[in-house]
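Reader: I am new to reading structures, and I would like to understand the reasoning behind the words used for them. Could you take me through some of these terms one by one?

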Amino acid sequence: MTTAPTTTIKGGIGTSVLRPDGEPKVSGNFAYASDLTAPDMLWGATLRSPHAHARLVRLDTSAALAMDGVRAVLTQDDVAGKPNFGQEEQDQPVLCDGVARCWGEPVAVVAADDEETARRAVESIVAEWEPLEPLVDPEQALDEGSTFREMTLRRGDESATGAVVVEGFYETATQDQAPLGPEAGLAIPDGSGGLDLYATSQWIHVDHRQLIECLDMEPGQVRCHPVGIGGAFGSREDISLHIHVAMLSLATGRPVKMVYDRSESFVGHVKRHPSKMWHRHEADAEGNLVKVTARVILDGGAYAHTSRPVLANAAYFSVGPYRCDNVVIEGAVVRTNNPPAGAMRGFGAVQGCFAHESQMDRLAEALDMDPLELRRINAAAPGDAVATSGQIIEGSLPTVGVIDAVEAIPMPEAGISDDPRLLPGGTGLTTPSSAVVRGVGYAVALKNLAFSEAFDDFSEARVIMTPAGVEVHTAAIEVGQGLITVCQQIARTVLQTEQVAVVWDDTSEIGSAGSTSASRQTQMTGGAVHAAAVGLRDKLIADHAGDELRADGVYLHGDRVATIDEICASGPVEHHVRFRHPETFEPDENGQGDVHAGFVVSAHRAVVDVDPELGLVRVVQLDTAQDVGKALNPQAITGQLEGGGLQGMGLAVMEQLVIDGGVIKNPTFTDYLIPTFMDAPNVETRIIEEGDHWGPFGAKGIGESPTISSTPAIVAAIRNATGKDITRVPVLPEDIVGI
Amino acid sequence: MNVTITINGEERSLDVVGSESLLGVLRNDLNLPGTKDACEQGECGSCTVQMDDEAVCSCLVMAADADGATITTVEGMSSEGELHPVQEAMLAEGAVQCGFCTPGFVVAGSHMFEANPHPTEPEIREALSGNICRCTGYGAILRAMETLAEDET
């Protein structure tokens with residue numbers, strides 16, 4: 001479906017156009033969900049379980065209800081429809097159903113005249129608990145059969161062996177998406193028994209489905225609206241406060257707003273699955289992979305969320321972009337009483353990549369081979385089979401291209417500066433330059449694009465020609481990544497006009513665009529906009545017997561045969577499409593088959609300075625080369641590569657939720673550390689353009705891959721600097737010092 | 001208590017309760033939601049405003065303590081419809097993604113240039129290290145500030 005543009009149009013594809021929401025954002029005039037208000041609005045607040053596992057013995061809301069200014073106190077008894085919600089499996093009570101299965105589980109919600117009263121009302125609710133033993137050890141959960149999904153991928157000859165064998169255990173911690181914008185929602189009753197919801201989301205149609213089921217309402221009674229979102233990174237793919245705020249507005253007949261503060265945000269959304277992995281890689285004497293055997297356990301926490309597809313990704317991407325004919329991968333995602341896990345940028349591939357890239361370095365060392373050379377000789381390319389699924393790779397996959405490109409980026413200057421701001425430990429003045437050792441590490445990642453395993457994945461778009469310009473309608477969620485610009489650029493290029501505006505529709509106005517996740521919106525909603533624009537263009541040309549559409553009308557042999565006003569004489573002309581990617585299939589009993597819609601590769605090179613005595617690390621440089629298919633907006637791509645890489649660095653050296661007995665011990669920005677401007681390394685990026693077999697103009701989604709290859713590259717560099725066999729992220733000072 | 005605060009050039013008199021932060025007053029009482037609330041602990045810088053000669057986290061300032069102060073928020077950074085150079089530079093360099101940190105960076109960046117018109121790269125990083133951005137990796141923000149740092153005018 002690639003269509004070459006006939007002429008270059010201002011603001012079309014391939015250019016770094018400014019985002020139309022940029023000016024309101026720099027001016028403070030952009031309305032985020034947490035900024036919304038409505039006349040006569042109430043504030044909502046939530047009572048949460050103080051236990052990871054406990055029976056609710058008594059719940060007395062009478063004192064809260066008796067307070068001045070309190071308008072409603074709701075519990076699970078007030079849920080009109082299905083008591084449970086969930087995107088994949090409806091297993092989570094809207095409000096506590098008598099047993100809390102994780103710390104922070106919502107128990108009751110309150111609506112009051114102001115925020116302070118709502119909070120005090122929550123404190124006045126009496127909840128008596130009988131604590132139960134929480135199941136918090138994922139291996140114990142596996143032994144007890146407490147799983148959301150188990151899967152085994154088998155390919156080739158299980159008895160195959162290689163001359164060179166390396167094994168390793170690896171662990172990754174729980175990472176939080178920590179978007180700056182908190183969870184927020186405003187529900188407004190429509191006066192006819194229905195409501196409008198303006199809440200943070202990555203997928204309003206899947207919110208809508210869960211809302212109407214739990215509220216017991218008809219689809220037309222609830223409208224979910226796109227709103228301004230302060231980042232997401234997976235945290236908004238699942239329901240948080242949506243049903244609660246809707247229930248409160250229906251119960252009171254008034255608009256109700258709810259906003260989580262930072263600590264509640266840490267509790268109120270799913271996290272990246274912590275993992276434990278074991279890998280055995282076997283190669284022949286020349287370094288060709290002969291067999292990979294691996295086991296992976298992910299802790300899904302108390303409720304299912306997207307644990308099933310996350311496990312599939314962790315399993316399918318546990319070998320990486322390498323050929324290997326003999327593979328056995330056993331995976332399980334377990335149900336525990338830990339905080340629920342779900343989507344975070346990279347979606348399972350992050351964990352697998354940390355293990356397989358650590359293994360590739362071990363293997364290179366055992367073979368006495370250059371680590372990049374080992375990767376090159378095993379690199380998968382179009383026409384090869386994916387090692388874990390056997391699926392033949394279609395389209396483009398420049399594995400060697402990204403390795404060569406990242407290696408060719410000039411290295412930073414060799415000397416260590418005496419400026420304390422550029423040393424490990426920074427202005428703490430812990431580390432003289434003479435104490436610093438430098439290390440370099442590489443990693444390469446493979447990631448699937450869009451939804452997999454036979455999911456009916458689609459996006460709808462409507463493109464409308466009006467006398468004032470073109471409107472692109474979609475319900476896709478812009479979380480900051482720049483989809484708004486990409487949609488404009490695609491429509492401009494196809495329709496040859498600069499006058500394009502993106503209109504965000506609610507759930508009653510257009511069908512689903514699918515989730516803003518899985519690196520999918522550039523290809524899926526971009527693909528829908530492309531198809532709708534092509535359909536509109538072809539229709540206009542046919543209707544007016546022309547051979548070309550330009551900004552000012554339809555032309556035939558270079559002469560205009562219809563102006564835009566004439567085209568729209570009977571009103572705006574539109575074309576509406578539901579776009580789907582190439583079909584994917586359920587895996588067979590061995591996990592084999594065409595389960596993925598497409599693939600993307602990326603490579604990172606990290607340069608780190610380490611103070612080995614104190615275990616302090618400064619990431620000096622974090623360069624990357626990225627397969628993009630076609631670069632629709634180079635500036636936006638650079639932003640994704642730099643930002644994604646830094647989130648991977650967060651997991652590599654600082655980010656982890658400390659969870660003890662199911663309780664998060666560090667749910668604040670004081671204790672959960674995120675890379676700051678001082679921590680952030682310099683980044684050189686290289687974009688590899690080899691058009692893919694689907695997606696507008698051959699473009700691929702690139703939102704996740706930079707997060708995936710970044711983490712293992714940094715750990716490889718720390719190993720290179722210190723000689724330590726580091727197997728867990730984040731790497732902490734004690735891991736380097738060896739306490 | 002009653003306080004008088006000059007906000008974006010306009011003197012405002014209002015009643016505040018003891019527990020209210022300047023951030024809360026700006027967002028909830030004065031209808032200035034451009035200043036963002038992301039951590040309420042002074043860790044992320046999203047709520048940065050200029051208070052007299054200092055850039056402060058407005059979540060850490062009691063509203064009562066702002067009595068008599070001159071406050072500039074992100075809404076007051078542009079003048080007569082013209083964006084502030086920091087706003088222009090952030091826009092041009094693609095330093096805005098989700099934009100939730102942007103108001104804080106605009107105010108902190110402007111304050112940085114007032115104190116030091118030609119900051120070096122480490123000086124920019126240090127001056128803005130109290131502002132967290134979760135989207136950009138800071139690269140585009142650095143490039144935006146560097147275009148201004150090099151500007152001799």
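Author: Let us start with contact: two residues are in contact if their C-beta atoms, placed from the backbone, lie within 7 Å. In this predicted model, Q640(A), L641(A) and G644(A) are among the residues of α15(A) that meet residues of α16(A), including P706(A), T707(A) and I708(A). By class, this contact of α15(A) with α16(A) has nine nonpolar, eight polar and no charged residues.

Reader: Why are α15(A) and α16(A) called oblique to each other?

Author: The axes of α15 (residues 634-653) and α16 (residues 705-722) of chain A come within 7 Å and cross at roughly 45°. Angles under 35 degrees count as roughly parallel and 65 to 115 as roughly perpendicular, and the value for this pair belongs to neither range, so α15(A) and α16(A) are oblique to each other. The crossing of α15(A) and α16(A) is right-handed.

Reader: What makes strand β26 of chain A mostly covered?

Author: A residue is buried if 20 or more other C-beta atoms lie within 10 Å of its own, and in β26 (residues 599-611) of chain A 13 of its 13 residues are buried. Residues such as F599(A) and V601(A) point one way from β26(A), while others, including V600(A) and S602(A), point the other way, and all of these are buried.

Reader: How do you know that β26(A) pairs with β18(A) and with β27(A)?

Author: Two strands pair if at least two bridges are found between them. Twelve bridges join β18 (residues 437-448) of chain A to β26(A), and these two strands run antiparallel; K447(A), for instance, has V600(A) as its bridge partner in β26(A). Ten bridges join β26(A) to β27 (residues 616-627) of chain A, again in the antiparallel sense, with A606(A) standing opposite L622(A) in β27(A). The strands β26(A) and β27(A) form a hairpin with four residues between them, and G615(A) in the turn has a positive phi of about 75°.

Reader: Why are β3 and β13 of chain A called edge strands?

Author: Seven strands of chain A form an open sheet in the order β3-β7-β1-β14-β11-β12-β13, with mixed pairing. In that sheet β3 (70-74) and β13 (222-225) of chain A each pair on one side only, and they are the edge strands. Within the order, β1 (residues 42-48) and β14 (residues 256-259) of chain A pair in the parallel sense over two bridges, and two is exactly the number that pairing requires.

Key. Residues are numbered from 1 along each chain as its sequence is written. Chains are lettered from A and ligands numbered from 1 in the order in which they are written. This is a predicted model: local features need pLDDT of at least 70, side-chain atom pairs count only at pLDDT 80 or more; totals for chains, interfaces and linings use all residues. Axes are lines fitted to C-alpha atoms, for helices over the stretch in contact, and angles run from 0 to 180 degrees between N-to-C directions. Angles under 35 degrees count as roughly parallel, over 145 as roughly antiparallel, 65 to 115 as roughly perpendicular and the rest as oblique. A crossing is left-handed if the near helix is turned anticlockwise from the far one by less than a right angle, and right-handed if clockwise. Ala, Val, Leu, Ile, Met, Phe, Trp, Tyr, Cys and Pro count as nonpolar, Asp, Glu, Lys and Arg as charged, and the others, Gly among them, as polar. A residue is buried if 20 or more other C-beta atoms lie within 10 Å of its own, exposed if 12 or fewer, and partly exposed in between; C-beta atoms are placed from the backbone.
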